[in-house]
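Trainee: I'd like to learn how to read a protein structure, one feature at a time. Please start with something simple.

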Amino acid sequence: MKKGRKNHAQAAGRHCVQAPPKPDLATGAEAWILTGGAHHTAFSYDLSEEQMGDWAAAMGIEAVCIDKDTTIRNFKNELRWNESAFRK
(Lines give C-alpha, C1' and ligand atoms only; values in the text may rest on other atoms or scores of the structure.)
Protein backbone atom coordinates (compact mmCIF):
# COMPACT_ATOMS: atom_id res chain seq x y z
CA MET A 1 0.00 0.00 0.00
CA LYS A 2 1.34 3.45 -0.86
CA LYS A 3 2.34 5.71 1.99
CA GLY A 4 -0.53 7.94 3.08
CA ARG A 5 -3.27 5.74 1.59
CA LYS A 6 -5.84 4.13 3.87
CA ASN A 7 -7.06 0.59 3.49
CA HIS A 8 -10.81 -0.15 3.52
CA ALA A 9 -11.00 -0.80 7.27
CA GLN A 10 -9.17 2.43 8.12
CA ALA A 11 -11.29 4.43 5.69
CA ALA A 12 -14.43 3.05 7.37
CA GLY A 13 -13.17 4.22 10.77
CA ARG A 14 -12.15 0.79 12.07
CA HIS A 15 -8.68 0.15 13.42
CA CYS A 16 -6.42 -2.56 12.05
CA VAL A 17 -4.33 -4.33 14.66
CA GLN A 18 -0.95 -5.05 13.16
CA ALA A 19 1.10 -5.77 16.27
CA PRO A 20 1.94 -9.43 16.75
CA PRO A 21 -0.51 -11.24 19.05
CA LYS A 22 0.72 -12.02 22.56
CA PRO A 23 2.26 -14.35 23.57
CA ASP A 24 2.06 -15.79 20.04
CA LEU A 25 -0.66 -16.33 17.44
CA ALA A 26 -1.50 -19.93 18.38
CA THR A 27 -1.73 -19.31 22.14
CA GLY A 28 -3.51 -15.97 21.77
CA ALA A 29 -6.07 -17.41 19.36
CA GLU A 30 -6.70 -20.50 21.52
CA ALA A 31 -7.17 -18.39 24.66
CA TRP A 32 -9.49 -16.02 22.79
CA ILE A 33 -11.60 -18.97 21.57
CA LEU A 34 -11.74 -20.44 25.10
CA THR A 35 -13.28 -17.19 26.37
CA GLY A 36 -16.01 -17.22 23.76
CA GLY A 37 -14.29 -15.39 20.93
CA ALA A 38 -15.78 -12.16 19.66
CA HIS A 39 -18.95 -12.54 21.73
CA HIS A 40 -17.34 -11.05 24.84
CA THR A 41 -14.24 -9.26 23.56
CA ALA A 42 -13.07 -5.78 24.55
CA PHE A 43 -10.18 -3.87 23.04
CA SER A 44 -9.08 -0.30 23.56
CA TYR A 45 -6.27 1.97 22.46
CA ASP A 46 -7.31 4.46 25.18
CA LEU A 47 -7.78 2.35 28.31
CA SER A 48 -5.14 0.33 30.09
CA GLU A 49 -5.53 -3.29 31.11
CA GLU A 50 -5.73 -2.11 34.72
CA GLN A 51 -8.50 0.39 33.97
CA MET A 52 -10.55 -2.22 32.14
CA GLY A 53 -10.02 -4.71 34.98
CA ASP A 54 -11.01 -2.09 37.59
CA TRP A 55 -14.20 -1.32 35.67
CA ALA A 56 -15.08 -5.03 35.43
CA ALA A 57 -14.49 -5.45 39.18
CA ALA A 58 -16.68 -2.43 39.93
CA MET A 59 -19.44 -3.92 37.77
CA GLY A 60 -19.03 -7.38 39.33
CA ILE A 61 -18.25 -9.03 36.00
CA GLU A 62 -15.46 -11.32 34.90
CA ALA A 63 -12.44 -9.99 33.04
CA VAL A 64 -9.48 -11.99 31.82
CA CYS A 65 -6.44 -10.73 29.96
CA ILE A 66 -4.54 -12.42 27.16
CA ASP A 67 -1.00 -11.03 27.30
CA LYS A 68 2.67 -11.97 26.95
CA ASP A 69 2.49 -14.15 30.10
CA THR A 70 -0.53 -16.23 29.01
CA THR A 71 -0.21 -20.01 28.99
CA ILE A 72 -3.15 -22.19 28.03
CA ARG A 73 -2.85 -24.34 31.17
CA ASN A 74 -3.00 -21.32 33.51
CA PHE A 75 -5.63 -19.61 31.39
CA LYS A 76 -7.95 -22.64 31.56
CA ASN A 77 -7.50 -22.72 35.34
CA GLU A 78 -8.34 -19.01 35.60
CA LEU A 79 -11.51 -19.58 33.59
CA ARG A 80 -12.49 -22.50 35.87
CA TRP A 81 -11.91 -20.42 39.02
CA ASN A 82 -13.85 -17.52 37.56
CA GLU A 83 -16.75 -19.81 36.68
CA SER A 84 -17.21 -20.47 40.41
CA ALA A 85 -16.54 -16.90 41.49
CA PHE A 86 -18.98 -15.33 39.03
CA ARG A 87 -21.74 -17.95 39.25
CA LYS A 88 -25.12 -16.34 39.87
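**Reading the model**

Mentor: Asp-69 is exposed, and Lys-68 is too. Exposed means over 50% relative accessible area, buried under 20%, and partly exposed in between (1.4 Å probe, protein chains only). Keep in mind that this is a predicted model, where local features need pLDDT of at least 70 and side-chain atom pairs count only at pLDDT 80 or more, while totals for chains, interfaces and linings use all residues. Residues are numbered from 1 along each chain as its sequence is written, and side-chain values use heavy atoms, with hydrogens and water left out.

Trainee: How do the side chains of Asp-69 and Lys-68 meet?

Mentor: General idea first: side chains of opposite charge can pair when their charged atoms come close. Here, Asp-69 and Lys-68 form a salt bridge, at 3.3 Å from N to O. The term stands for a side-chain nitrogen of Lys or Arg within 4 Å of a carboxyl oxygen of Asp or Glu. Searching the whole structure turns up 1 salt bridge.

Trainee: How many helices and strands does the chain have?

Mentor: Both are DSSP runs, numbered from the N terminus: helices are H or I with at least four residues, strands are E with at least two. This chain has 4 helices and 0 strands, so reading from the N terminus you get α-α-α-α.

Trainee: Let's zoom in on a helix. Which residues of α2 are buried?

Mentor: Helix α2 covers residues 25-34, and its buried residues are Thr-27, Gly-28 and Ala-31. They sit on the same side of α2 because they cover an arc of only 95° around the axis; the arc is taken from the directions from the helix axis to the C-beta atoms. Over on the other side of α2, you'll find Leu-25, Ala-26 and Ile-33 exposed.

Trainee: What do the buried residues of α2 pack against?

Mentor: They pack against α4, residues 72-85. Take Thr-27: its relative accessible area is 16%, so Thr-27 counts as buried. Beyond its neighbours within four places in sequence, Thr-27 is in contact (heavy atoms within 4.5 Å) with Thr-70 and Ile-72.

Trainee: And what goes on at the ends of α2?

Mentor: At the N-terminal end, Asp-24 acts as a cap: one of its side-chain oxygens lies 3.2 Å from the backbone nitrogen of Ala-26. After α2 comes Gly-36, with a positive phi near 110°. Before α2, look at the loop that links it to α1 (8-11), where Pro-23 is found. A cis peptide bond joins Lys-22 to Pro-23, with omega at about -10°.

Trainee: Which residues form the nonpolar patch on the surface?

Mentor: Trp-55, Met-59 and Ile-61, with about 330 Å² of accessible area together. Patch residues have over 30% relative accessible area and no salt bridge; like charges are joined within 9 Å, and nonpolar side chains (Val, Leu, Ile, Met, Phe, Trp, Tyr) within 5 Å. The areas come from the Shrake-Rupley method with a 1.4 Å probe, and for residues only the protein chains shown count as cover. Met-59 belongs to helix α3, residues 49-59.

Trainee: Now the whole chain. What share of its 88 residues counts as buried?

Mentor: That's 11% of the 88 residues. The chain's accessible surface is about 7500 Å², and 54% of it belongs to carbon and sulfur atoms. As for contacts with a separation of 6 or more, 53% are between residues 24 or more positions apart.

Technical notes. A polar contact is a pair of N or O atoms within 3.5 Å; within protein, one must be able to donate a hydrogen and the other to accept it, and residues adjacent in sequence count only if both atoms are side-chain atoms.
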